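Let's take a walk through this fold together, starting with the whole chain and ending at a single side chain. Have your viewer ready.

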Amino acid sequence: MHLPFLGPRHKKNGDPAPPADPEAVAALLSECELLRSQAARAGVRLDDTPASLEALDQMVPRWRDDAETLPWLGHDAGLYLGTVVVRTVPGAVWQIRSDGEPVVRLASGRVAEVVPAGQEWAVSGVPELSQLYAEIAED
């Protein structure tokens, strides 16, 4: 089975499969259903802009009381941060590492590991997503 969003695979004859469609990867990674649901309940609209990251930073972190939700929400927060970067920073693209972890590759070649950053934000609120975005965007 060929799942294009997972990246290159080898066909049965050994030829590599075509590379993943960047738009399909971006669409899949931007879903962030749990984060979007939590934000909507708090009245925060996630429109894939840097301003929405600032709004997330201001949310009351009720998810910290739920040990089961916390890691998933952090993962979604990292994917959302990456989504905002990919959609607003020229030359930024999603890349799936060999271990399956999605990262953002910037035009400079630097790689931003957004998922661990989102997980740290979900646990402690530091660093703020808007601050992380500013640091990534200035690269």
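The paragraphs below go from the overall layout to the core, then to one helix and one serine.

A word on conventions: this is a predicted model, in which local features need pLDDT of at least 70, side-chain atom pairs count only at pLDDT 80 or more, and totals for chains, interfaces and linings use all residues. Residues are numbered from 1 along each chain as its sequence is written, and side-chain values use heavy atoms, with hydrogens and water left out.

The protein chain holds 6 helices and 3 strands; these are DSSP runs numbered from the N terminus, with helices being H or I of at least four residues and strands E of at least two. Along the sequence they follow the pattern α-α-α-α-β-β-β-α-α. Of the 139 residues, 40% count as buried, meaning under 20% relative accessible area, while exposed means over 50% and partly exposed lies in between (1.4 Å probe, protein chains only). Contact here means heavy atoms within 4.5 Å. Among contacts in the chain with a separation of 6 or more, 53% are between residues 24 or more positions apart.

Now for the interior. In soluble globular proteins, nonpolar side chains tend to be buried together. The largest nonpolar core (a set of buried Ala, Val, Leu, Ile, Met, Phe, Trp, Tyr and Cys residues joined through side-chain atoms within 4.5 Å) has 36 residues, and Leu56, Leu81, Val85, Trp94 and Val104 touch the most other members. Helices H1 (22-29), H2 (33-41), H3 (50-57), H4 (70-88), H5 (114-124) and H6 (129-137) each supply at least two residues of this core, with the largest share, 9 residues, coming from H4. Try centring on Leu81: beyond its neighbours within four places in sequence, Leu81 contacts Leu53, Val114, Ala117, Leu129, Leu132, Tyr133 and Ile136.

Which residues of H2 are buried? They are Leu35, Gln38 and Ala39. Seen down the helix axis, these fall within an arc of 100 degrees (taken from the directions from the axis to the C-beta atoms), so they line one face of H2. That buried side packs against H3 and H4, whereas the face turned away carries the exposed residues Glu33, Ala40 and Arg41. Just after H2, Gly43 takes a positive phi of about 80 degrees.

Finally, look at Ser130 in helix H6. Ser130 counts as buried because its relative accessibility is 18%. Its side chain joins that of Asp57 through a polar contact of 2.6 Å; such a contact is a pair of N or O atoms within 3.5 Å, where within protein one must be able to donate a hydrogen and the other to accept it, and residues adjacent in sequence count only if both atoms are side-chain atoms.
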